[in-house]
Amino acid sequence: CAPTVSEGALCNTGQGVECVTRNCEQVNNEYRCGKPAPWDVGTVCSTNSQCTSGLCASSKCAVTLAAGAACGGATPGSCAPGLYCDAASQGAGGACRAKKPEGAPCSTSVECAYACSVQQGQLRCTSEGREPICVGT
């Protein structure tokens, strides 16, 4: 029998340890015992799929904000996938808005489902040869 270690303990020590939780997960550059993913907001993560919110930002499970929710500035969390933080909509802060469709005026790619590029002399959302921008920002 291998010795058991508790949740949060290192589990890749090469000493044949077993996690009490039976879940040794890679978190950034370490392996630690933890509960099975998905994890709650605030838990250390390395991929979006590890989080109940569906967002791993700055190596922690983060809050996703719904359409119309305040974002940016001192507001923690990021807009849910398919939304962006329209900082211009509320002065210093912002509000989560739906990504703009192809052909809509834009100033940055964050606003668009795919990209913002020059089309006929104006910045417009475009999808030509692009993969969706799925980062909740």
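# Exercises on a predicted all-strand chain

The protein chain exposes about 7,900 Å², and carbon and sulfur atoms supply 53% of that area. The model is predicted.

## Exercise 1. Secondary structure and burial

Determine how many helices and strands the protein chain has, and what share of its residues is buried.

Solution.
- Step 1. The protein chain holds 0 helices and 13 strands.
- Step 2. Read from the N terminus, the order of elements is β-β-β-β-β-β-β-β-β-β-β-β-β.
- Step 3. Of the 137 residues in the protein chain, 27% are buried.
- Step 4. Take the contacts between residues at least 6 apart in sequence: 18% of them join residues at least 24 apart.

## Exercise 2. The largest pocket

Find which residues line the largest pocket, and sort the lining by class.

Solution.
- Step 1. The volume of the largest pocket is about 210 Å³.
- Step 2. Its lining consists of Glu-7, Gly-8, Glu-25, Val-27, Arg-32, Cys-33, Gly-34, Lys-35, Trp-39, Thr-43 and Val-44.
- Step 3. Strand E3 (24-27) and strand E4 (30-33) are the elements that contribute two or more residues to this lining.
- Step 4. Sorted by class, the lining has 4 nonpolar, 3 polar and 4 charged residues.

## Exercise 3. The salt bridge of Arg-32

Identify the residue that pairs with Arg-32 in a salt bridge, and state whether each partner is buried or exposed, or in between.

Solution.
- Step 1. The side chain of Arg-32 meets that of Glu-30 in a salt bridge, with 2.9 Å from N to O.
- Step 2. Arg-32 has 30% relative accessibility, so Arg-32 counts as partly exposed.
- Step 3. Glu-30 has 33% relative accessibility and therefore also counts as partly exposed.
- Step 4. Arg-32 is also one of the residues lining the largest pocket.

## Exercise 4. The salt bridge of Glu-111

Count the salt bridges, then locate the one formed by Glu-111 and give the accessibility of both partners.

Solution.
- Step 1. The count is 2 salt bridges.
- Step 2. Glu-111 pairs with Lys-100, and the closest N and O atoms are 2.8 Å apart.
- Step 3. Glu-111 and Lys-100 both sit in the loop between strand E11 (93-98) and strand E12 (115-119), 11 residues apart.
- Step 4. The relative accessible area of Glu-111 is 9%, so Glu-111 is buried.
- Step 5. For Lys-100 the relative accessible area is 24%, so Lys-100 is partly exposed.

The cut-off needed in the last two steps is that buried means under 20% relative accessible area.

## Exercise 5. Two residues of strand E12

Establish which residues Cys-116 and Ser-117 contact beyond four places in sequence, and whether the two are buried or exposed.

Solution.
- Step 1. Cys-116 lies in strand E12, and Ser-117 lies in strand E12.
- Step 2. Cys-116 has 14% relative accessibility and so counts as buried.
- Step 3. Ser-117 has 17% relative accessibility and so counts as buried.
- Step 4. With neighbours within four places in sequence left aside, Cys-116 contacts Cys-106, Ser-107, Thr-108, Ser-109, Leu-123, Arg-124 and Cys-125.
- Step 5. Under the same exclusion, Ser-117 touches Gln-122, Leu-123, Arg-124 and Thr-126.
- Step 6. Leu-123 and Arg-124 appear in both contact lists.
- Step 7. To place Cys-116 relative to the salt bridge partner Lys-100, take the C-alpha atoms: they are 9.7 Å apart in space, and the residues are 16 apart in sequence.

Notes:
Residues numbered from 1 in each chain as written. Predicted model: local features only at pLDDT ≥ 70, side-chain atom pairs only at ≥ 80, totals over all residues. Heavy atoms only, no water. 1 Å grid on protein atoms, 1.4 Å probe; cavity = no way out; pocket = protein on both sides within 12 Å on 5 of 7 lines; lining within 4 Å. Points joined across faces, edges and corners; volume = space filled by probe spheres on them. Helix = DSSP H or I, 4+ residues; strand = E, 2+ residues; numbered from the N terminus. Nonpolar A, V, L, I, M, F, W, Y, C, P; charged D, E, K, R; others polar. Buried < 20%, exposed > 50% of the residue type's maximum accessible area, 1.4 Å probe, protein only. Contact = heavy atoms within 4.5 Å. Areas by Shrake-Rupley, 256 points an atom, 1.4 Å probe, with all protein chains shown as cover. Salt bridge = Lys/Arg side-chain N within 4 Å of Asp/Glu carboxyl O.
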